[in-house]
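Visitor: I am new to this structure and would like to learn how to read its salt bridges. Could you take me through them slowly?

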Amino acid sequence: MQAVIMAGGFGTRLRPLSYHIPKPMVPMANNPMLYHIVKLLKAHGFTNLIMMLYYQPEVITSYFGDGSKMGVNISYLKPEQDLGTAGSVKYARTQLSDKTFIVISGDVLTDFDLTKAVEFHKEKKAAATMVLTRVANPLQYGVVITDSEGKIERFLEKPSWGEVFSDTINTGLYILEPEVFEYMPDDRPFDFSKELYPLLLREGKKVYGYVAEGYWKDVGNLEEYRLGHYDILDGKIKVEVGGQISKVGKNEVVLGKGSRVEEGVEFEGQSIIGSNCIIEKDTKISRSVIGSNVKIHSGAQILGSVIWDNAEIGRDAHIREGVIGKKTQIGDRAVVQVGAVISDECNVGAGAVIRPNLKIWPHKTIEEEAIVSTSLVWGEKWNRALFNAYGITGLGNIEITPEFATKVGAAYGAYLGKNSYVITSRDAHPASRMIKRSIITGLVSSGVRVGDLRTAPIPVVRYEVGKEGEVGGVHVRQSPYDSKLIDIKFFDSQGGDLQIKQEKAIEQLFLREDFQRANLKEVGEIVTSPRALDYYKAGYLRAVDHEMIRSANFKVVLDYAYSSASMIFPAILGELGLEVLAINAHLNPKKVTKTEEEFKHSLEQLSDIVTTLKADMGVLIDTGAEKIFLVDEKGKIISNDLSLVLIAELVMRTYRRGNIAVPVHVTNTIEELANNYNVKVKRTGLTPRQIIEGARDKDLVFVGDCFGGFIFPEFRLAFDAMYTIGKILEMLAKADTRLNKLSQIIPSFEVFHKKISCPWDKKGQAMRCAIEDSKGKDVELIDGVKIYFKDSWVLLIPDPDEAYFHIWAESKDQEKAKELLKEYSEKVKKWQE
């Protein structure tokens with residue numbers, strides 16, 4: 001007999017398990033669902049099978065081939081378009097004989113007696129027979145009513161509870177006569193339940209329903225998938241599971257060929273173990289299905305879970321009622337809570353916790369000790385902390401979604417407390433507006449009053465915080481480094497970055513989700529803060545010597561880069577008596593982020609204009625108005641490290657007091673220059689947080705980050721492009737010099753840099769080896785491992801956000817620096833082995 005198997009399902013509700021494979025190939029008891037269907041069909045005499053494919057057909061064809069290994073003959077058809085259920089069967093018409101045939105889904109779990117169903121169909125001389133079953137909740141299915149003879153009187157697809165007139169449903173299994181093809185159109189979508197059966201009934205054809213005995217389950221979602229395995233273990237359905245029944249302790253388990261169970265393993269209830277597995281001592285397994293080639297280390301507990309092939313479960317890991325995809329590694333002591341699903345080839349770090357009912361898509365990395373409380377879809381990893389060095393950063397509308405932002409806002413509001421006052425702002429990008437408004441929603445839901453600055457430069461926002469009772473601030477922007485990322489920056493009551501302990505408190509509220517919301521009478525209000533720009537302008541003009549600047553008659557070319565600085569800085573510059581040529585001095589949401597090529601082009605364009613106009617200086621402002629990039633009076637583009645050295649020289653020459661701070665990877669030329677002025681140089685870490693924390697010393701008058709960011713603590717303990725421009729002009733005027741002229745007295749230098757790939761799980765090992773390698777040498781451990789040699793140094797730092805190791809090297813002899821860079825690059829690679 002012939003059967004048509006509908007095997008084109010996407011399995012959307014089974015994602016992420018069905019992300020790499022079509023739904024019929026998702027394993028049930030270590031074999032694909034489709035495998036069990038083929039076995040069922042063969043057992044009832046259906047040996048000529050036609051599989052209708054659509055999604056990832058090659059996965060099915062490569063597994064089953066021509067069917068000979070299973071004792072059947074399989075042919076495949078793939079329509080060019082989605083023809084619907086009946087339309088797909090009509091597409092197979094030429095492959096079918098003029099005899100009774102059956103249509104069955106390839107993604108259900110059933111052991112129906114198909115022979116009895118066919119006998120019923122023939123006894124009734126039906127044109128079509130629906131195979132029916134009874135379920136407790138019929139809402140997701142087609143409900144059917146038959147008369148006492150089994151003739152269908154009424155049916156309704158996916159009713160509401162008010163429309164549930166029976167608990168008898170359509171299983172999608174049909175027995176058909178060739179005559180039904182006369183009622184099916186060619187090459188267009190056509191559905192059995194919605195179109196064919198109503199038409200057959202109207203035409204007076206015999207359409208019957210056969211209520212089958214036995215087991216049937218639509219494995220349509222992740223919960224049903226897990227429950228289906230429990231039914232197999234409980235013997236409610238008979239399917240081929242492979243392996244032999246073996247006695248382990250007091251329990252019998254199905255044990256696959258080549259699998260090894262060590263002494264002290266405890267089994268509770270029935271379990272299925274695939275082939276070639278290793279289960280180490282002191283492991284506990286209860287009502288679970290373990291795939292083939294799985295290794296479970298000692299002390300692990302697998303309770304009510306499904307583990308796919310080639311997975312590895314670490315020591316003392318706990319998995320409760322979860323599903324683990326193929327080739328996924330669960331680290332030591334990791335916890336996967338009830339209902340969580342981790343898809344293929346993921347890596348869950350040691351001690352990580354996956355909260356209940358979360359979905360982790362393929363190829364994700366969960367860092368050690370991370371607590372994951374939101375499903376991971378497309379991002380590569382979930383950091384152990386909600387906050388990173390730049391605030392909260394994630395893929396826009398994928399990781400940083402409106403829902404996520406609302407929850408962040410509510411957690412932040414709960415931390416601040418009811419009736420607190422917070423200001424919010426953003427850049428010009430529409431996605432930033434969307435996320436900022438979502439954060440505001442969360443804030444007011446916690447009873448916080450919000451002053452919204454709308455679009456504003458970050459330095460203005462920082463300066464405003466605290467002026468009118470604000471206890472904090474939030475700024476949302478598209479990342480200046482990657483157009484796919486959104487940054488959420490938080491400010492404390494002084495306009496500075498949050499301290500780590502503050503971030504941890506907010507993060508705990510976010511992860512626990514037990515923070516209090518305001519009642520309806522306490523919901524916060526949203527107001528505007530009209531004086532923020534005035535506060536900033538007044539403070540700026542008080543802090544700089546504008547008479548000194550005015551006396552120098554500077555001509556400056558200023559590229560605003562479409563930033564919000566163009567909303568306030570022109571009015572300030574007007575007070576300083578400058579001749580300014582401004583370019584890109586308007587908001588453009590499409591230009592928030594620059595590619596490396598666009599950034600280079602902007603600087604070259606700025607250089608050309610400075611040269612043509614014979615200007616004193618050219619400045620490119622970043623879109624957040626925090627950093628600047630310089631062109632000197634000769635049109636030369638100044639590198640970031642030289643910019644830092646030049647401005648540090650200006651500070652030491654004109655201030656004649658205080659000390660300065662720079663990151664640990666900056667050239668030693670800084671110290672050489674500082675010795676001329678009896679100034680001390682403090683070294684800091686590389687991240688913005690480390691730099692700002694290092695800038696808190698009261699004797700510091702200047703801090704630079706070597707990436708275009710500069711801090712003058714006299715004004716604000718924060719990066720500020722606009723204030724930096726004013727101070728550079730003031731200092732140039734006082735020193736009666738220009739940037740190119742100043743650069744002539746700076747000793748030549750070059751710091752070499754290289755990035756080495758380093759997996760996340762190897763970074764700690766590499767750092768340990770670096771410390772061991774540096775024993776007996778002159779070492780500095782401010783950030784990373786910095787090793788000093790005679791007239792040279794090398795610095796090793798793992799990247800905080802990517803799978804890299806950074807190496808910097810400097811020497812009086814450039815060849816020596818290159819040798820150090822090469823030597824330690826090879827060492828870092830070796831240390832990963």
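Guide: Gladly, and please keep in mind that this is a predicted model. Let us begin with a single residue, K90, which counts as buried because its relative accessibility is 14%, below the 20% under which a residue is called buried.

Visitor: Which side chain does K90 meet in a salt bridge?

Guide: The partner of K90 is D186, and the N to O distance between the two side chains is 2.9 Å. This pair links distant parts of the chain, since K90 lies in helix α3 (residues 84-91) while D186 sits in the loop between β11 (168-176) and α5 (192-202), 96 residues apart. D186 is exposed, because its relative accessible area of 55% is over the 50% cut-off.

Visitor: What about E369 and R333, and how far apart are they along the chain?

Guide: Their side chains meet in a salt bridge at 3.5 Å, N to O, and the residues are 36 apart in the chain, E369 in the loop between β34 (365-366) and β35 (371-372) and R333 in the loop between β28 (329-330) and β29 (335-336). E369 is partly exposed at 46% relative accessible area, and R333 is partly exposed at 43%.

Visitor: Are R462 and D497 buried or exposed?

Guide: Both are buried, and their side chains form a salt bridge of 2.9 Å, N to O. R462 belongs to helix α9 (residues 458-464), whereas D497 is in the loop between β41 (485-491) and α10 (500-512). Through shared partners, salt bridges join R462, R477, D487, D497 and E626 into one network.

Visitor: How many salt bridges are counted?

Guide: The count comes to 40.

Notes:
Residues are numbered from 1 along each chain as its sequence is written. This is a predicted model: local features need pLDDT of at least 70, side-chain atom pairs count only at pLDDT 80 or more; totals for chains, interfaces and linings use all residues. Side-chain values use heavy atoms; hydrogens and water are left out. A salt bridge is a side-chain nitrogen of Lys or Arg within 4 Å of a carboxyl oxygen of Asp or Glu. Helices (H or I, at least four residues) and strands (E, at least two) are DSSP runs, numbered from the N terminus. Buried means under 20% relative accessible area, exposed over 50%, partly exposed in between (1.4 Å probe, protein chains only).
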